[in-house]
Amino acid sequence: MSLFGTIQQSSGALQTAQIGLQVVGNNVANANTPGYLRQTLQQVPAVAFRNGNLLQGHGVRPVGITQTVDANVVERMFQARSALEAAEFLDNTYSQLEQIANDLDNTGINSQLTAFNNSLHELSTRPNDVSLSEFVILQADTLAQRLQSTREQVLQRRTTVDSEIEAMARDINRLTSRIAEANLTIATVEGGGLLRSDATGVRDQRLLDLEELAAIVDINIQEQESGAISVFVGGDYLVVDGTTREVEAVYSSVQGQVSVNIAETDSPLDAKQGRLASAIQARDGVFEGFLEGLDATASALIQGVNSIHTQGQGSEGFEKLVSSLPDAEFGVPLDNAGLSSNIQNGYFDVTLHDSDGSVLSTTRIDVRKLDQVGDSTIQSIVDEINLIDGIDASVGLNGRITIETESPDNRFTFANENSGFLAAAGINTFFTGTTAGDIAVNEQLIENPKLLAISRNGIGEDTEILIELVDLVDRPLDVVGGRSIRSEYEESIARLAQQTRLNGSASEGLRNLYDSLQNQHLAISGVNIDEESIKMISYQRAFQASSRVITTAAEMLDILVNL
């Protein structure tokens with residue numbers, strides 16, 4: 001190699017050191033840029049040449065600027081992010097349910113059950129005090145409203161989840177579109193994988209978009225030789241090179257909820273982790289489970305109280321009564337009539353009183369339910385009541401039963417009910433409705449508290465019905481499988497508390513895992529100022545040394561020229 005060759009060789013070293021210094025400067029400048037991937041100058045020895053019997057080196061050659069990233073660590077970090085986002089979404093869901101169900105201000109359902117029971121205790125000390133009867137009805141109405149408002153709050157939150165799912169579908173389309181565009185840019189800039197440099201900047205942003213997408217759904221990523229990537233969710237692809245498959249939020253009128261489907265195939269997006277999967281789980285599992293527990297509590301309260309109340313009489317009888325359950329089939333056997341409560345083969349008595357309270361007649365109405373021809377229907381039972389002298393009974397087109405006295409001076413009451421028909425048909429009931437969504441105190445009781453059933457054997461005869469109602473909320477009942485009304489509710493709250501603790505522990509563990517993988521990723525791909533400083537000094541020394549070589553070669557060349 002001549003001195004000119006030496007100068008040229010060192011000139012290439014100067015240029016390489018200059019590029020290396022530029023790479024270091026870019027790293028330092030982006031040390032605090034979110035998502036920035038540290039760049040490294042790739043350099044190799046230039047091809048040697050033959051000089052006689054010698055193979056001499058030809059200096060250094062920069063071949064590319066690449067980003068430092070560990071694909072395995074990134075993949076595990078994305079998986080941890082999906083699982084963490086799923087757990088944190090459920091954490092938020094459980095927290096909201098706890099706030100809805102909390103009893104810190106003594107207005108929760110448990111406190112209202114206690115208040116209702118206490119009002120019955122007070123009435124039992126003075127059963128003829130109408131003001132205490134009004135107080136019982138007031139406490140019951142407050143309890144019913146609390147059950148309704150709690151259910152409504154949960155339903156509103158569940159509806160909000162549907163809105164969040166729709167937003168997630170839009171975010172998925174936004175991110176997959178950007179990833180597809182980045183694929184095309186990267187493949188073009190990198191020459192379809194022919195260049196040895198990475199499309200820095202574009203790859204950084206694509207990685208950020210992928211992590212944001214992983215927070216919504218669990219993704220599987222496959223990188224091609226061209227630098228483009230394919231993104232899969234379950235067995236379906238969302239991105240391949242520059243092509244995307246959009247998803248859409250689809251509302252089902254049958255199920256009354258939103259699902260995220262792949263628009264092209266109209267098949268559900270099979271997300272197992274991420275916020276989308278947890279949103280669906282929260283809506284269909286967590287919220288629905290809580291609502292089922294709330295409805296079970298309300299149903300137990302309605303059936304438990306009504307089954308006792310329908311057997312008794314208040315301090316006065318009915319002049320007119322309209323059943324509270326519409327839309328029943330009145331011409332078919334009771335099993336098929338659409339009545340919600342269980343009805344047994346049995347009977348009940350209808351007693352007619354005059355204005356002085358004296359008994360005019362007592363008629364037993366049979367309720368036949370033997371799964372045989374001739375079983376009772378609503379219409380047949382009403383017809384039997386209508387045969388009682390002094391009473392008119394009929395069924396309206398909407399299935400409501402109307403019973404009234406023929407004389408305004410007479411009143412009627414019910415007694416000895418063992419069939420369950422009165423409660424099922426909404427006759428002489430305390431509560432109306434079937435779930436927490438429609439539970440309410442019977443309007444006839446609100447209008448006339450004297451109709452509150454207290455005695456079993458006649459108006460003013462005893463307080464047996466009232467005694468049975470006292471502490472009913474804490475008594476084991478057949479309608480809830482031997483549990484009490486209060487324990488039915490407390491069991492759902494206990495399940496909620498247990499699920500909250502378990503999910504909280506899982507979230508904490510996933511947070512630690514994600515933080516660990518993120519730190520590992522940053523250790524590999526992030527900028528370390530100390531390391532960059534060492535590289536900067538190294539490139540500086542190499543530049544200085546190469547400059548000195550050029551200076552020395554130039555001096556030697558001058559000597560040769562002057563010889």
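Two strands pair if DSSP finds at least two bridges between them. That rule lies behind the strand pairs in the views below, all taken from a predicted model.

**View 1. Strands β7 and β8 form a hairpin.**
Strand β7 covers residues 236-240, and strand β8 covers residues 243-244. Two bridges join β7 to β8, and the strands run antiparallel. One bridge to look for links V239 with its partner T244 in β8. Two residues lie between the strands. In this turn, D241 has a positive phi of about 55°.

**View 2. Strands β6 and β7 form another hairpin, with two residues between the strands.**
Here β6 and β7 pair in the antiparallel sense. Four bridges hold the pairing. F232 stands opposite Y237 in β7. Look also at G234, which takes a positive phi near 65°.

**View 3. Four strands make an open sheet in the order β5-β6-β7-β8.**
The pairing is antiparallel. Strands β5 (220-223) and β8 stand at the edges. Each has a single partner strand, so one side of each is left without a neighbour in the sheet. Four bridges join β5 to β6, running antiparallel. In this pair, Q222 stands opposite S230 in β6. Strands of a sheet pair through backbone hydrogen bonds, either parallel or antiparallel.

**View 4. Helices α4 and α5 meet this sheet.**
Helix α4 (residues 130-189) packs on the sheet and touches β6, β7 and β8. The direction of α4 makes about 45° with that of β7. Helix α5 (residues 202-216) lies across β5 and β6. The angle between α5 and β6 is about 5°. Angles under 35 degrees count as roughly parallel, so α5 runs roughly parallel to β6.

**View 5. S230 sits in strand β6, residues 229-233.**
Is S230 buried or exposed? S230 has a relative accessible area of 5%. Buried means under 20%, so S230 counts as buried. Its side chain makes a polar contact with the side chain of Q224, at 3.3 Å. Leaving aside neighbours within four places in sequence, S230 is in contact with N220, I221, Q222, Q224, V239 and V240.

**View 6. Strand β10 pairs with both β9 and β11.**
Strand β10 spans residues 257-262. Five of its six residues are buried, so β10 is largely enclosed by the rest of the structure. Strand β9 (residues 247-252) pairs with β10 in the antiparallel sense over six bridges. There, S252 stands opposite Q257 in β10. Two bridges join β10 to strand β11 (residues 267-268), again antiparallel. In β11, the bridge partner of N261 is P268. The hairpin of β10 and β11 has four residues between the strands. In this hairpin, D266 takes a positive phi near 55°.

**View 7. Three strands form an open sheet in the order β14-β13-β17.**
The pairing is antiparallel. Strands β14 (359-367) and β17 (411-415) stand at the edges. Each has a single partner strand, so one side of each is left without a neighbour in the sheet. The twist averages 20° from one strand to the next. Strand β13 (residues 346-353) pairs with β14 over eight bridges. Y347 stands opposite D366 in β14. Helix α7 (residues 378-386) packs on the sheet and touches β13 and β14. The direction of α7 makes about 160° with that of β14.

**View 8. Helices α6 and α11 come within 8 Å, axis to axis.**
Two packed helices are described by the angle between their axes and the distance between the axes. Helix α6 covers residues 274-309, and helix α11 covers residues 485-525. Their axes cross at roughly 170°. Angles over 145 degrees count as roughly antiparallel, so α6 and α11 are roughly antiparallel to each other. From α6, the contact uses F290, G293, L294, A296, T297, A300 and L301. From α11, it uses I485, E488, Y489, S492, I493 and L496. By class, this contact has nine nonpolar, three polar and one charged residues.

**View 9. L513 lies in helix α11.**
L513 is partly exposed, with a relative accessible area of 39%. How far apart are the C-alpha atoms of L513 and S11? They are separated by 49 Å. Along the chain, L513 and S11 are 502 residues apart.

Note on methods
Residues are numbered from 1 along each chain as its sequence is written. This is a predicted model: local features need pLDDT of at least 70, side-chain atom pairs count only at pLDDT 80 or more; totals for chains, interfaces and linings use all residues. Side-chain values use heavy atoms; hydrogens and water are left out. Axes are lines fitted to C-alpha atoms, for helices over the stretch in contact, and angles run from 0 to 180 degrees between N-to-C directions. Angles under 35 degrees count as roughly parallel, over 145 as roughly antiparallel, 65 to 115 as roughly perpendicular and the rest as oblique. Contact means heavy atoms within 4.5 Å. Ala, Val, Leu, Ile, Met, Phe, Trp, Tyr, Cys and Pro count as nonpolar, Asp, Glu, Lys and Arg as charged, and the others, Gly among them, as polar. Buried means under 20% relative accessible area, exposed over 50%, partly exposed in between (1.4 Å probe, protein chains only). A polar contact is a pair of N or O atoms within 3.5 Å; within protein, one must be able to donate a hydrogen and the other to accept it, and residues adjacent in sequence count only if both atoms are side-chain atoms.
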